[in-house]
Amino acid sequence: MSEFQFLVDGASYVASNPKTVVMWLIGGLLIWLAIKKDFEPALLLPMGFGAILVNLPLPGVLGTEGSTGIVTWLYNVGIASSEAMPLLLFVGIGAMIDFGPLLSNPRMLLFGGAAQFGIFLTVVLAVLLGFPLKEAMSAGVIGAADGPTSIMVAQKMGSEYFGAITVAAYSYMALVPIIQPMAIRLVTTQKERRIRMPYSPASVSKTTRILFPIIVTIIAGLVAPDSVALVGFLMFGNLIRESGCLDNLSQTAQGPLANLITIFLGITISFQMQAEKFLSVGTLMIMALGLVAFTFDTIGGVLFAKVLNLFLPHDKKINPMVGGAGISAFPMSARVIQKMALKEDNQNHLLMHAVGANVAGQIGSVVAGGIILSLARMWGLMIA
Amino acid sequence: MNLSWMFLTAFTSVMGEVKTEDISHSLELMGKGMLGIFVVMVLIFLVIVILNKMGSGKKKEK
């Protein structure tokens, strides 16, 4: 009978490692959320399947000491060595973003700054919960509402909760339509939510559209050098879009490039979802902290708008909900604000203002990630 | 009694010991982080205003 032992080796492995079954269930849950609930399916589905893949008996897709499995290789090359995958995805995202609404109404930039407050508040909370500072900083970046930035910061900090942070970053992004309305209602009155904001955009020249990504990259590079890779690749994608002479490349970046990276990013991230790394009280705490970060990002943006309103004339008041769109979850957050505004007053169209704040949030989140990395480097907390 | 322990560890929380240094670093991060973001945003704001002014100036010339 011993020559047939290999047929039951896998089952024995699972019997002696019951945590792997829990990870299969978590993988199944992510796939269910992706398919049934439409929660960021492009990432949660590959991550869910990946969670099952990496928790099958070794060598599987991970490999052993003598050989490198495909998922281990993808992780080493695509994320660990240079964060290539999240950065390449940013080229696609940059090519998708139209900064026009922001360029014609630049005061929306302030909300892209204010709505990063949740990141820093979460770092303080995580420290008070007993997380080491580098883990707290990695967890806070979930509030950037920006998957690639969360991945890059957690990776550079060598966070042991990398998998949990990534799952939280993407799953909460899918929950923006639930989290944001609750947070906004908590800190606004109905009268404030009904404030109308007429939209009369100034025309934006092509020169401005072309110079914008170049100048933003230089400014970010001077103030927060660690944000250059993120800002630079985002703005490179945008420059391709706005140049007007690279339509094919722009379409490729927005479509095939972003899709290809997305297909493999989820599976690659799942490398960090191995049962022994993922199943811990810390993972649950990270998920909870991510929720706090998203909520207080929104509240930070809304309260900042309310403070600005104290100094603005009656006819120039800002609907505080627009401040909540300053998080980076683009374009979901802008859509949520538009939906909420129409629910309060069916003639109140805030979409373009919210889009302006939302794309500002995209810049704000990568700058926040860069500042965190700069300070981590200064404090000797970075591994690379 | 080891007094240095008191200075290093503020208290013990759910996930472990909370270091005084980490608390001060996290508050420093909050201050410097928000300030840094607003500095970048204000600089970008000024750049956009200047670029828009230059753009509208050119249009008037035409």
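A residue counts as buried if 20 or more other C-beta atoms lie within 10 Å of its own. I keep that cut-off at the top of the page, and I also note that this is a predicted model.

**Entry 1: chain B on its own**

I began with chain B and asked how much of it is buried. Of its 62 residues, 23% are buried. Next I listed its secondary structure and found 2 helices and 2 strands. Following the sequence, I read the order as α-β-β-α.

Then I looked at the two strands of chain B. Strand β1(B), residues 9-13, runs antiparallel to β2(B), and 4 bridges join them. I picked T9(B) and traced its bridge partner in β2(B), which is K19(B). How many residues does the hairpin between β1(B) and β2(B) pass through? I found 2.

**Entry 2: where chain B meets chain A**

I turned to the contact between the chains. Chain B brings 31 residues to the contact and chain A brings 41. Which elements of chain B give two or more residues to the side that touches chain A? They are β2 (16-19) and α2 (20-61) of chain B. Helix α2(B) provides the largest share of that side, with 25 residues. I also sorted that side of chain B by class and noted 20 nonpolar, 8 polar and 3 charged residues.

**Entry 3: the nonpolar core**

Here I looked for the largest nonpolar core, and it has 141 residues. The residues with the most contacts inside this core are F111(A), I165(A), V322(A), I337(A) and I372(A). Helix α21 of chain A, residues 351-378, gives the core its largest share, 14 residues.

I followed F111(A) a little further, setting aside its neighbours within four places in sequence. Its contacts include V322(A), G323(A), A325(A) and G326(A). Among the others I wrote down G301(A), F304(A), A305(A), A357(A) and A360(A).

**Entry 4: one helix, one face**

I chose helix α4 of chain A, residues 70-80, for a closer look. Its buried residues are V71(A), T72(A), L74(A), Y75(A), G78(A) and I79(A). Why do they line one face of the helix? Looking down the axis of α4(A), I see the buried residues fall within an arc of 160°, so they share one face. I then checked what they pack against. My list of helices in chain A has α3 (41-53), α5 (84-96), α10 (147-156) and α16 (247-269). The strands β1 (63-64) and β2 (67-68) of chain A are on the list too.

**Entry 5: backbone oddities in the loops**

Just past that helix, I stopped at E83(A), in the loop between α4 and α5 of chain A. Its phi is near 55°, a positive value in a residue other than glycine. Is E83(A) buried or exposed? I count 21 other C-beta atoms within 10 Å, so E83(A) is buried, given the cut-off of 20 or more.

A145(A) is another case, found in the loop between α9 (133-140) and α10 of chain A. A145(A) is not a glycine, yet its phi is positive, at about 50°. With 35 other C-beta atoms within 10 Å, A145(A) is buried.

Last, I looked up a peptide bond. The one from F330(A) to P331(A) is cis, with omega near 0°. Where does P331(A) sit? I found P331(A) in the loop between α19 (320-324) and α20 (332-344) of chain A.

Conventions
Residues numbered from 1 in each chain as written. Chains lettered and ligands numbered in written order. Predicted model: local features only at pLDDT ≥ 70, side-chain atom pairs only at ≥ 80, totals over all residues. Buried ≥ 20, exposed ≤ 12 C-beta atoms within 10 Å, placed from the backbone. Arc of directions from axis to C-beta. Contact = placed C-beta atoms within 7 Å. Nonpolar A, V, L, I, M, F, W, Y, C, P; charged D, E, K, R; others polar. Core = buried A, V, L, I, M, F, W, Y, C linked by C-beta atoms within 7 Å. Pairing = 2+ DSSP bridges.
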